[in-house]
Amino acid sequence: MPPEKTTAPSRFSRHESAASPEGLIQRLRDLSASFCLAEGGAHGPDHSERVYQQALFIGRHMRARLDILAPAALLHDIGRQKESASHGACCHARIGAEMAVPILENLGYAAEDIEAVCHCIRTHRFRGKDRPGSLEAQILFDADKLDSIGAIGIGRAFLFAGNIGARLHNPEQDPFQTRSYSLEDTAYREFRVKMSVVRTQMLTPIGRELAEERHAFMEAFFTRLSLEMGLAPCSCPSR
Ligand SMILES: [Fe+2]
Ligand SMILES: [Fe+2]
């Protein structure tokens, strides 16, 4: 089920009622890009746009509030630069939720809607606490995770591996015995260690279905890559 191209959401707050919905979405898109431009191919504006489109696709099927989902998806990674600057000391989901408050206030969102959007942003990472509690938050979580797997996930993994100068492929290695940021930190390692478990983390039925389909493609891709390189895939089990 590929995400369909979408028009803007249908419900907007009082101050934006005079502006077109498309205008509001474009303002959110521009604001998002201003924070994410330096994040490159993996987390830059293209990623935010894909997550936005995917979130609305799932949101429509699940009858979620698209007026909450749209700003949440477009702004979900605006805290990334601050996380990078802090060398990981602060969480971009938490800081992004704080940064989103004045942005949404300036756009005229009501207080309860700002809280709903910020809950989605705060919980989109969901490791340990800060569990996505609303339908919209669960959808954003799934949409963001879906962008890390499938053909897009493979592309992102090769971008990362290229940036650190890793090998092209290493199926002869047990990925769990290799180190991150080493020559063995390949796209294949990323698949075995992280991307292969994403399908088990989905929170919505549509997210699960899409993740299974993308997972099957990744399996087929890396099997084919090994075949073309004359290498046997590692027989060690996934963990
Ligand atoms: Fe994120
Ligand atoms: Fe993201």
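Biologist: How many helices and strands are there in the protein?

Modeller: In this predicted model, the protein has eleven helices and zero strands. Along the sequence the pattern is accordingly α-α-α-α-α-α-α-α-α-α-α.

Biologist: Which residues should be read with caution, judging by pLDDT?

Modeller: The average pLDDT of the protein is 89, and 89% of the residues score at least 70. Residues 2-18 are a stretch where pLDDT stays under 50, and for them the model has 30 contacts beyond four places in sequence.

Biologist: What do burial and contact order say about the fold as a whole?

Modeller: Of the 239 residues, 39% count as buried. Among contacts between residues at least 6 apart in sequence, 60% join residues at least 24 apart.

Biologist: How should one read a nonpolar core, and which residues have the most contacts inside the largest one?

Modeller: The general idea is that nonpolar side chains tend to be buried together in soluble globular proteins. Here the largest nonpolar core comprises 54 residues, and Ala-55, Leu-69, Ala-73, Val-117 and Leu-140 have the most contacts inside it. The helix that gives the most to this core is α4, residues 66-75, with eight residues. The core lies between domain 1 (17-137) and domain 2 (150-229), because both give residues to it. Ala-73 serves as an example: leaving aside neighbours within four places in sequence, Ala-73 is in contact with Val-51, Tyr-52, Ala-55, Leu-140 and Ala-143.

Biologist: How does one read the two sides of a helix, and which residues of α9 are buried?

Modeller: An α-helix has 3.6 residues a turn, so residues three or four places apart point the same way. In α9 the buried residues are Gly-150, Gly-153, Ile-154, Arg-156, Ala-157 and Ala-161. Seen down the axis of α9, these buried residues fall within an arc of 165°, so they line one face of the helix. They pack against α2 (40-43), α10 (187-193) and α11 (205-228). The face turned away from the buried side carries the exposed residues Ala-151, Gly-162 and Asn-163.

Biologist: Does one check the length of α9 in some way, and what span should its 14 residues have?

Modeller: At 1.5 Å a residue, the 14 residues of α9 (residues 150-163) should span 20 Å, and the end C-alpha atoms are 20 Å apart, which agrees. Just after the helix, Gly-165 takes a positive phi of about 75°.

Biologist: Is Asn-163 buried or exposed?

Modeller: Asn-163, which is in helix α9, counts as exposed because it has 11 C-beta neighbours inside 10 Å, and the cut-off for exposed is 12 or fewer. Its C-alpha atom is 9.7 Å from that of Tyr-181, a residue 18 places apart in sequence.

Biologist: Which residues of α7 are buried, and what covers them?

Modeller: The buried residues of α7 are Ile-114, Ala-116, Val-117, Cys-118, His-119, Cys-120, Ile-121, Arg-122 and Thr-123. What covers them includes α4, α6 (92-106) and α8. The helix has 13 residues and reaches 18 Å from its first C-alpha to its last, close to the 18 Å expected at 1.5 Å a residue.

Biologist: Where does Gly-133 lie, and which residues does it touch?

Modeller: Gly-133 lies in the loop between α7 (111-123) and α8 (135-146). Gly-133 is exposed, with 12 other C-beta atoms within 10 Å. Not counting residues up to four places away in sequence, Gly-133 touches His-119 and Thr-123. The C-alpha atoms of Gly-133 and Thr-123 are separated by 8.2 Å, the two residues being ten apart along the chain.

Methods: Residues are numbered from 1 along each chain as its sequence is written. Chains are lettered from A and ligands numbered from 1 in the order in which they are written. This is a predicted model: local features need pLDDT of at least 70, side-chain atom pairs count only at pLDDT 80 or more; totals for chains, interfaces and linings use all residues. pLDDT is the predictor's confidence in each residue, from 0 to 100. Two residues are in contact if their C-beta atoms, placed from the backbone, lie within 7 Å. Helices (H or I, at least four residues) and strands (E, at least two) are DSSP runs, numbered from the N terminus. A residue is buried if 20 or more other C-beta atoms lie within 10 Å of its own, exposed if 12 or fewer, and partly exposed in between; C-beta atoms are placed from the backbone. A nonpolar core is a set of buried Ala, Val, Leu, Ile, Met, Phe, Trp, Tyr and Cys residues joined through C-beta atoms within 7 Å. Domain bounds come from an automatic or database domain assignment. The expected span of a helix is 1.5 Å times one less than its number of residues. The arc is that of the directions from the helix axis to the C-beta atoms.
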